[in-house]
Amino acid sequence: MKITRVLLLLVISVASSAAQQLPLEPLRESGQSVTPAYEGWYRNADGTISLLVGYFNRNLKQEVDVPIGSSNHIDPGGPDRGQPTHFLTHRQWGMFAIVVPGSFPEKMLTWTLVTNGRTMTVPMTLNKDYEISPFKDPALGNTPPVVQIEGAKVQGPPRGISANLTTTVGKPVALRPTVTDDMVMDPRRPADAPKLLVSWSKFRGTGLVHFLNPRTADTTATFDTPGEYIIRLQANDVSGDGGGGFQCCWTSVQIKVKVE
């Protein structure tokens, strides 16, 4: 009887552990969860600290919208700490950064995200193993692309809104940033790997956003619903998405658009 009971508990334990290994679940077109992803922390020149965060949307086709609130909150100090409300499919790196005092009085932040009936959380601390260098690759000296828009220059992870634009429903608004890069090559990458890639996407907003060409820096965005939006430009150099796990070198720019 004791052996049978032990075996039963073992089976339940293994089954429970397997059920929690959501990253290993097969991807589906829709109905799956979105998992917050803490990517590391780094020190800023002004003495503050930034926590870099992305996410993994397991849906192949379903982009998910989750407003700030009970299903999308960061604590303490939230619910709004600058996180997205619109979630693209697949793994998305370095989507936003949370700036905290150098002393980090909270010691830990937690992002909770509820999508398709599943609650996912991620803790964010200053564990020394999570310190990253998003502005320079220590091995190669590679640095992120530089994006200039509306007079502001941005390099590396986002820190606030870089530009404010206004338009009306159905009227395209011009997006004309300049993007430059140091073009440091990575010998670990194929010689024909793209040297510089840009992409536009919606970060926040209630309606649809149509980019004339989401893969070029110079494009337009059209909105079908009035309100306040944040759109995002990501510029990747040869290091590619996620920088091969080193969190360098790409640049993220957030632009606020008021649609009347």
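At 38% relative accessibility, Met-183 counts as partly exposed, and in this predicted model Met-183 sits in the loop between β13 (178-180) and β14. The backbone of Met-183 is notable for its phi, which is near 60°, a positive value in a residue other than glycine. Another loop residue invites a look alongside Met-183: Glu-150, in the loop between β9 (146-149) and β10 (152-155), is likewise not a glycine and has a positive phi of about 50°. Glu-150 counts as exposed because its relative accessibility is 60%, and the cut-off for that term is over 50%.

From these two loops one can step back to the whole chain. The protein has one helix and 18 strands, and of its 260 residues 44% are buried. Among contacts between residues at least 6 apart in sequence, 67% join residues at least 24 apart.

The interior can be approached through its nonpolar cores. In soluble globular proteins, nonpolar side chains tend to be buried together. Here the largest nonpolar core holds 24 residues, and those that touch the most other members are Leu-51, Phe-87, Phe-96, Ile-98, Leu-109, Trp-111 and Met-124. Two or more residues of this core come from each of β1 (34-43), β2 (49-57), β6 (90-100), β7 (109-115) and β8 (118-124). There is also a second, separate core of 22 residues, with Val-154, Ala-163, Leu-175 and Ile-231 among them.

Phe-96, one of the residues with the most core contacts, shows how parts of the chain come together. Leaving out residues up to four places away in sequence, the partners that Phe-96 touches include Leu-51, Leu-52 and Val-53, as well as Ile-74, Pro-84, Trp-111, Pro-158, Phe-203 and Gln-254.

Trp-111 leads on to the pairing of strands, for this residue stands opposite Val-122 in β8. The strands β7 and β8 pair in the antiparallel sense over seven bridges, and they form a hairpin with two residues between them, where Asn-116 in the turn has a positive phi of about 50°.

The loop between β4 (72-75) and β5 (86-87) contains Thr-85, and Pro-79 has its place there too. The peptide bond that leads from Gly-78 to Pro-79 is cis, with omega near 15°. Thr-85 counts as buried because its relative accessibility is 10%, where the cut-off is under 20%. Apart from residues up to four places away in sequence, Thr-85 touches residues including Val-64, Asp-65, Val-66, Pro-67 and Ile-68, and also Phe-203, Arg-204 and Gly-205.

Next comes the largest pocket, in which about 640 Å³ of space lies. Its lining is made of 29 residues, and Leu-88, Gln-92, Ser-199, Trp-200 and Arg-215 lie nearest its centre. The elements that give two or more residues to this lining are β6, β14 (196-204), β15 (209-211) and β17 (227-237), with β14 providing the largest share, six residues.

Between β14 and β15, two of the strands that contribute to the pocket lining, runs a loop in which Gly-207 is found. Gly-207 is classed as buried, since its relative accessibility is 5%. The C-alpha atoms of Gly-207 and Thr-225 are 5.0 Å apart, although these residues are separated by 18 places in sequence. Beyond its neighbours within four places, Gly-207 is in contact with Lys-202, Asp-224, Thr-225 and Tyr-229.

The last stop is the loop between β17 and β18 (250-259), the place of Gly-242. Gly-242 counts as buried because its relative accessibility is 1%. The C-alpha atom of Gly-242 is 8.2 Å from that of Gln-92, a residue 150 places away along the chain; Gln-92 is itself one of the residues nearest the centre of the largest pocket. With residues up to four places away in sequence left out, Gly-242 touches Trp-93, Gln-247 and Trp-250.

Cys-249 lies in the loop between β17 and β18 as well, and a disulfide joins Cys-248 to Cys-249 with an S to S distance of 1.9 Å. The structure holds one disulfide, and the link is right-handed, with 85° about the S-S bond. Both cysteines, Cys-248 and Cys-249, are buried, and the peptide bond that joins them is cis, with omega about 25°.

Terms used
Residues numbered from 1 in each chain as written. Predicted model: local features only at pLDDT ≥ 70, side-chain atom pairs only at ≥ 80, totals over all residues. Heavy atoms only, no water. Core = buried A, V, L, I, M, F, W, Y, C linked by side-chain atoms within 4.5 Å. Buried < 20%, exposed > 50% of the residue type's maximum accessible area, 1.4 Å probe, protein only. Helix = DSSP H or I, 4+ residues; strand = E, 2+ residues; numbered from the N terminus. Contact = heavy atoms within 4.5 Å. Disulfide = S-S within 2.5 Å. Pairing = 2+ DSSP bridges. 1 Å grid on protein atoms, 1.4 Å probe; cavity = no way out; pocket = protein on both sides within 12 Å on 5 of 7 lines; lining within 4 Å. Points joined across faces, edges and corners; volume = space filled by probe spheres on them.
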